[in-house]
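Hi,

Here is the structure I said I would pass on. Have a look at it first, and then read on for my notes.

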Amino acid sequence: MNLCLRLYLLHRQYLRARASTVKINSYSQKLYTGGTIITTRPRLTLLLDTIGTMATQSPLRAHRDPLRRVGRGVLACIVISLCFMPNAGGTIPKQYISYKEYAYYALGYNLKEYKCLSILYGKESAWNPKAANGSHYGIPQGRSEWLKDQDGYTQIQWGLNYIGNRYGEPCIALDHWRKYNWH
């Protein structure tokens, strides 16, 4: 059973028990009934001790109650931190620092192809997503009005798709650009 659900059910049990009894205070009470001494304990303490979470004591059984109170506080802090723990990064999308890093990632960390693409885009637009040269826009300097309104990451993906469809890889596109001054 989930730990949070279990604690919730224990808390509900505690509230029901509390509503049915009169609480004198939160410390143990010694009651004299005829000739026997009965020690009473608060209901939450009994509930926690029945599931075995606070059963540890000092070696000589001295000062048991203060240790249990500290233990309950620590337990409560641990439970709260476990119930409200943020994600550890597994579902958070990647945050890229620069367009160049994104391009390197999009090329599958292929350093040779990245160097060619870096030279090509450095000459075409200096990696500026707002670059415009006549009717050519963005980082890849594509001839599309649509590119003008896109962010740099989308422009890089568009440029890599264009290079992949036309040349196959960025180094061939760079060779073409060096020959004809366009790609």
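**Helix packing and a few odd residues**

Helices α4 and α5 pack at an angle of about 140°, and their axes are 9 Å apart. That angle falls in neither the parallel, the antiparallel nor the perpendicular range, so α4 and α5 are oblique to each other. The crossing of α4 past α5 is right-handed. On the α4 side the contact uses K100, A103 and Y104, and on the α5 side L111, Y114 and L117. Sorted by class, the contact of α4 with α5 has five nonpolar residues, one charged and no polar.

Before going further, please keep in mind that this is a predicted model.

**The overall picture**

The protein has 183 residues, and 27% of them count as buried. You should find eight helices and four strands, and along the sequence they come in the order α-β-β-α-α-α-α-β-β-α-α-α. If you take the contacts with a separation of 6 or more, 38% are between residues 24 or more positions apart. The accessible surface is about 12900 Å², and carbon and sulfur atoms account for 57% of that.

**Back to α4, this time with α7**

Helix α4 covers residues 99–106, and its axis and that of α7 come within 10 Å, crossing at roughly 40°. Angles under 35 degrees would count as roughly parallel, so at roughly 40° α4 and α7 are oblique to each other. Here too α4 makes a right-handed crossing. The residues to click on are Y99, Y102, A103 and A106 in α4, with G152, Y153, I156, Q157 and L160 in α7. That contact of α4 with α7 has seven nonpolar residues, two polar and no charged. A103 is worth highlighting, since it is listed in the α4 contact with α7 and also in the α4 contact with α5.

If you wonder about the spacing in these lists, an α-helix has 3.6 residues a turn, so residues three or four places apart point the same way.

**α5 against α8**

The other helix pair I looked at is α5 with α8. Their axes are 8 Å apart and the packing angle is about 40°, with a left-handed crossing. From α5, the residues involved are K112, E113, C116, L117, I119, L120, K123 and E124, and they meet P170, C171, A173, L174, W177 and R178 of α8. By class, the contact of α5 with α8 has nine nonpolar and five charged residues, with no polar. L117 shows up again here, having already appeared in the α4 contact with α5.

Which residues of α8 are buried? In this helix (residues 170–180) they are P170, C171, A173, L174, H176 and W177. The cover over them includes α5 (111–124) and α7 (152–166). Just after α8 comes N181, with a positive phi near 65°.

**Two residues to zoom in on**

L120 sits in helix α5. Its relative accessible area is 0%, so L120 is buried. Apart from its neighbours within four places in sequence, L120 is in contact with I163, A173, L174, W177 and H183. Although L120 and A173 are 53 residues apart along the chain, their C-alpha atoms are separated by 8.0 Å.

H176 is in helix α8. With 16% relative accessibility it falls under the 20% cut-off, so H176 counts as buried. Again leaving aside neighbours within four places, the contacts of H176 are Y167, N181, W182 and H183. H183 therefore turns up in the contact lists of both H176 and L120, and N181, the residue with positive phi after α8, is in the list for H176.

**Two loop residues with positive phi**

Y109 is not a glycine, yet its phi is positive, about 60°. You will find Y109 in the loop between α4 and α5. Is Y109 buried, partly exposed or exposed? Its relative accessible area is 47%, so Y109 is partly exposed.

Q141 is another non-glycine residue with positive phi, in this case near 55°. Its loop runs between β4 (136–137) and α6 (145–148). Q141 has 8% relative accessibility, so Q141 counts as buried.

Shout if anything is unclear when you open the file.

Cheers

How values were computed
Residues are numbered from 1 along each chain as its sequence is written. This is a predicted model: local features need pLDDT of at least 70, side-chain atom pairs count only at pLDDT 80 or more; totals for chains, interfaces and linings use all residues. Side-chain values use heavy atoms; hydrogens and water are left out. Buried means under 20% relative accessible area, exposed over 50%, partly exposed in between (1.4 Å probe, protein chains only). Contact means heavy atoms within 4.5 Å. Accessible areas come from the Shrake-Rupley method with a 1.4 Å probe; for residues, only the protein chains shown count as cover. Axes are lines fitted to C-alpha atoms, for helices over the stretch in contact, and angles run from 0 to 180 degrees between N-to-C directions. Angles under 35 degrees count as roughly parallel, over 145 as roughly antiparallel, 65 to 115 as roughly perpendicular and the rest as oblique. A crossing is left-handed if the near helix is turned anticlockwise from the far one by less than a right angle, and right-handed if clockwise. Ala, Val, Leu, Ile, Met, Phe, Trp, Tyr, Cys and Pro count as nonpolar, Asp, Glu, Lys and Arg as charged, and the others, Gly among them, as polar.
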